[in-house]
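User: Please examine the model shown below and justify each term that you apply to it.

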Amino acid sequence: MTSVTDLESPALHVSPLSKGREAETAWLDVRGEPLYVSLKELKVLFPPSVYNGTGKETKKNVVFDLTAADHQGLAELERNIREAGAHVIGGAAWSSWLRAQGEYPARLKCKVTEATSYYDARRQGVACPSDEDWRGLTCNARVLVKAIWVHNKTAGLLAEVTDLQILERPAASRECPF
């Protein structure tokens, strides 16, 4: 597995754009291997969702709070990918997978899919958390940084959580009012 700190732009390969259903995609690899990033002790802010979704989506956005060190490493990775993929991004506006605003922790947005595997703290396979269980969840995540997407003069990274280890579920925060 490639570490963010081991990644140098010359080792990163960005394929030519290929047409997809909604966007063009340039696939990423490092020396012929998929690009994975492992992140530890993340907090999940909200249940995964899709803007204007129907509830039947197979891919949903999930947002994690990041430490300053993780944010710095992922920002460096994103810079390296943008540099290596300049030929496919062209003049498209970049839509970052990272968000940092004022006093709030930096955040990472990526996808969870039907193929995402879930584990508990003892490394045993478990079911996907229910929507109620996602909020405030502490977890480790293995993220596959798959591609650069380009659509309507905008570009960004396609990143999917392949494995998620649930470390701690938040305690019930609501008491019965009766």
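**Terms and their grounds**

Analyst: Buried residues account for 40% of the 178 residues in the chain, where buried means under 20% relative accessible area, exposed means over 50%, and partly exposed lies in between (1.4 Å probe, protein chains only). This is a predicted model, in which local features need pLDDT of at least 70 and side-chain atom pairs count only at pLDDT 80 or more, while totals for chains, interfaces and linings use all residues. Residues are numbered from 1 along each chain as its sequence is written, and side-chain values use heavy atoms, with hydrogens and water left out.

User: Why is histidine 151 called partly exposed?

Analyst: Its relative accessible area is 33%, and histidine 151 is therefore classed as partly exposed. That value falls between the limits of under 20% for buried and over 50% for exposed.

User: What does histidine 151 touch, not counting residues up to four places away in sequence?

Analyst: Histidine 151 touches Glu22 and Ala23; a contact requires heavy atoms within 4.5 Å. In addition, the C-alpha atoms of histidine 151 and glycine 20 are separated by 10.0 Å, although these positions lie 131 residues apart in the count along the chain.

User: What is the secondary structure of the chain?

Analyst: The chain has 3 helices and 11 strands. Helices (H or I, at least four residues) and strands (E, at least two) are DSSP runs, numbered from the N terminus. Their order along the sequence is β-β-β-β-β-α-α-β-β-β-β-α-β-β.

User: Why does the radius of gyration of the chain agree with that of a compact globule?

Analyst: For 178 residues the expected value is near 16 Å, and the chain has 17 Å, so the two agree. The radius is taken over C-alpha atoms, and the globule rule is 2.2 Å times the number of residues to the power 0.38. Along the principal axes, the C-alpha atoms fill a box of roughly 60 × 35 × 35 Å.

User: What makes strand 10 and strand 11 a pair?

Analyst: Two strands pair if DSSP finds at least two bridges between them. Strand 10 (residues 138-151) and strand 11 (residues 154-168) are joined by 13 bridges and run antiparallel, and the criterion is therefore met. One of the bridge partnerships links histidine 151 with threonine 154. The hairpin has 2 residues between the strands, and asparagine 152 takes a positive phi near 50 degrees there.

User: Which other strands pair with strand 11?

Analyst: Strand 8 (residues 107-119) runs parallel to strand 11 and is joined to it by 5 bridges, with tyrosine 119 partnering glutamine 165. Strand 6 (residues 93-95) also pairs with strand 11 in the parallel sense, over 3 bridges; there tryptophan 94 stands opposite alanine 155.

User: How do you know that strand 11 is mostly covered?

Analyst: Of its 15 residues, 11 are buried.

User: Which strands pair with strand 8 in the antiparallel sense?

Analyst: Strand 5 (residues 59-65) does so over 7 bridges, and asparagine 61 has lysine 111 as its partner. Strand 7 (residues 98-99) does so over 2 bridges, with arginine 99 opposite arginine 107. Strand 9 (residues 125-126) likewise pairs over 2 bridges, and tyrosine 118 partners valine 126. In the hairpin of strand 8 and strand 9, with 5 residues between the strands, arginine 123 takes a positive phi near 70 degrees.
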